[in-house]
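Colleague: I'm new to reading structures, so please pick the part where the chains meet and take me through it slowly. Start with any word I'll need, and then show me how that part fits into the rest.

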Amino acid sequence: MLHILGRRALSVGRLTALSATMQLRHGLLAMSGHVTSLKVYIGIFLTLMFLTGVTVAVAYVNLGQLNKVVALGIATFKASLVVWYFMHVKYQSRLTKLVVVSGFFFLAILLGLTMVDYGSREWVNPPASLQ
Amino acid sequence: MHAHAAHHPALQHQFQTMSQQKESAVLGMWAFLLTEVLFFGGLFMAYMLYRTWYHDAFVLASTSITIFWGLLNTVVLIGSSLTMALAVRSAQINQRKATVMWLIATMVLGTVFLGVKVIEYADKFEHHHVPGPEYAFIEPGHEPIFELGPHGRELLERNSAESLNRTTQIFFSLYFTMTGLHALHMIIGIGLMCVITWMAWKGRFSSEYYTPVEMSGLYWHFVDIVWIFLFPLLYLIDRS
């Protein structure tokens with residue numbers, strides 16, 4: 001009887017050790033992360049080169065206010081490709097994605113609201129008592 | 001067998017698994033990079049505002065900069081982002097020598113970028129395009145030393161040389177501040193990579209642990225992104 005109990009205790013111990021090893025191995029395997037294929041990296045690089053060419057060409061065409069919009073649009077798209085593929089945000093947790101997006105959201109507030117402030121300062125004439 | 005006995009040597013005691021440790025590192029690195037985004041963001045804000053206020057001066061000053069060097073540097077820097085991505089990839093798949101090789105390639109391209117920047121800065125000093133007492137953008141009654149398109153010539157003619165010599169200094173102040181801080185980041189990046197390359201050479205990284213390679217990659221790609229915006233904003237405002 002004692003003998004059987006001892007064996008059972010041993011096998012439970014073994015199982016616990018085995019599950020710990022498996023958990024560990026799972027953790028290690030997850031660690032290696034997503035390995036992006038060479039094809040994707042080179043494809044992204046070529047796209048970035050192409051867009052660089054486009055942005056230089058557009059500078060020689062007078063589009064008025066649109067020049068600014070096109071140049072910033074292309075640069076933002078290029079930056080997004082770098083963030084998404086080269087910086088692996090595509091393969092990160094939702095938490096990391098949220099943090100990244102929130103950072104650029106605050107940049108948009110910095111740029112947007114300051115420009116709105118300066119842009120609208122001449123719209124109002126303050127009352128004489130404040131001048 | 002105790003589970004702790006099999007822990008990866010790089011696993012810090014406050015983490016349970018390597019993937020948890022890596023996720024914390026990635027999140028922390030992004031928190032740092034976002035402070036950098038806002039740091040450069042302030043300068044981009046200043047740029048946007050002054051570009052709106054002194055539109056003609058910004059167009060003309062931007063046109064005086066040679067596109068060739070900026071374009072070459074864009075190709076070099078985006079190329080270095082590719083080699084950096086390949087360095088991380090090599091570490092992920094246990095290719096020690098390839099990791100070292102791609103890291104060295106990234107540092108070489110980074111150094112080429114800085115070399116081109118030196119040529120450009122020297123050119124600015126030579127032509128008195130550095131803000132300060134020696135500054136001279138247009139000599140009254142003389143042709144500008146750079147090529148102008150029909151639209152650029154229109155802008156030149158509707159502004160006095162005297163006012164352009166004042167207002168274009170704002171553009172060049174921002175040019176030197178922004179490209180200077182960007183170059184400083186690249187110098188730090190290259191220094192960082194020297195250490196990482198040495199660690200990679202010593203065989204510290206594997207598919208199970210390559211976080212330092214990935215983190216310096218994030219930093220390097222961030223510096224690349226700053227340049228992706230600087231190039232069109234400083235070199236390509238309007239060449240028509």
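Modeller: Okay, one word before anything else: a residue is called buried when its relative accessible area is under 20%, exposed when it is over 50%, and partly exposed in between. Also keep in mind that what you're looking at is a predicted model.

Now try that word on chain A. Of its 131 residues, 27% are buried. Its secondary structure is easy to remember: four helices and zero strands, so to speak an α-α-α-α run when you read from the N terminus. Look at contacts in chain A between residues at least 6 apart in sequence, and 54% of those link residues at least 24 apart. As for its surface, chain A exposes about 8900 Å², and carbon and sulfur atoms supply 71% of that.

On to the meeting place itself. Here 56 residues of chain A are in contact with 62 residues of chain B. Together the two chains bury about 5000 Å² between them, with 79% of it on carbon and sulfur atoms. What about charged pairs across this interface? The rule finds zero salt bridges between chain B and chain A.

So what is packed inside? The largest nonpolar core has 101 residues, and the ones with the most contacts inside it are Met87(A), Trp30(B), Phe171(B) and Phe172(B). Helix 7 of chain B, residues 211–235, gives the largest share of this core, with 17 residues. Chain A joins in too: domain 2 (36–87) and domain 3 (91–121) each supply at least three residues. As background, nonpolar side chains tend to be buried together in soluble globular proteins.

Zoom in on Trp30(B). Skip its neighbours within four places in sequence, and its contacts in chain A are Val83(A), Met87(A), Val89(A), Thr96(A), Val100(A) and Phe104(A). Trp30(B) also touches Leu218(B) in its own chain. Notice Met87(A) in that list: it is another of the residues with the most contacts inside the core.

Next, hop to Thr52(A), which you'll find in helix 2 of chain A, residues 38–59. Is Thr52(A) buried or exposed? Its relative accessibility is 1%, so it counts as buried. Setting aside residues up to four places away in sequence, Thr52(A) touches Lys78(A) along with Leu71(B), Thr74(B), Ile78(B) and Phe231(B).

Another spot worth clicking on is Leu107(A), in helix 4 of chain A, residues 94–120. Leu107(A) has 17% relative accessibility, so it counts as buried as well. Beyond its neighbours within four places in sequence, Leu107(A) is in contact with Val37(B), Leu38(B) and Gly41(B).

Where are the salt bridges, then? Over all chains, the rule counts five. One of them pairs Glu214(B) with Lys22(B), the closest N and O atoms being 3.6 Å apart. That pair links distant parts of the chain, since Glu214(B) sits in helix 7 of chain B and Lys22(B) in helix 1 (residues 18–53), 192 residues apart. Glu214(B), at 3% relative accessibility, counts as buried, and Lys22(B), at 11%, counts as buried too.

Chain B also has a salt bridge between the side chains of Asp56(B) and Arg158(B), at 2.7 Å from N to O. Asp56(B) lies in helix 2 (residues 55–63) and Arg158(B) in the loop between helix 5 (150–157) and helix 6 (161–201) of chain B, so this pair ties together parts 102 residues apart in sequence. Asp56(B) is buried, with a relative accessible area of 12%, whereas Arg158(B), at 53%, counts as exposed.

In chain A, have a look at Asp117(A) and Arg121(A), whose side chains meet in a salt bridge of 2.9 Å, N to O. Asp117(A) is partly exposed at 34%, and Arg121(A) is partly exposed at 47%.

Last stop: a couple of loops in chain B. Asn94(B) has a positive phi of about 65° although it is not a glycine. Asn94(B) is in the loop between helix 3 (67–92) and helix 4 (96–126), and it is partly exposed at 49%. His128(B) has a positive phi as well, near 60°, and it isn't a glycine either. You'll find His128(B) in the loop between helix 4 and helix 5 of chain B, partly exposed with a relative accessible area of 35%.

How values were computed
Residues numbered from 1 in each chain as written. Chains lettered and ligands numbered in written order. Predicted model: local features only at pLDDT ≥ 70, side-chain atom pairs only at ≥ 80, totals over all residues. Heavy atoms only, no water. Core = buried A, V, L, I, M, F, W, Y, C linked by side-chain atoms within 4.5 Å. Buried < 20%, exposed > 50% of the residue type's maximum accessible area, 1.4 Å probe, protein only. Helix = DSSP H or I, 4+ residues; strand = E, 2+ residues; numbered from the N terminus. Domains from an automatic or database assignment. Contact = heavy atoms within 4.5 Å. Areas by Shrake-Rupley, 256 points an atom, 1.4 Å probe, with all protein chains shown as cover. Buried area = accessible area lost by both parts, 1.4 Å probe. Salt bridge = Lys/Arg side-chain N within 4 Å of Asp/Glu carboxyl O.
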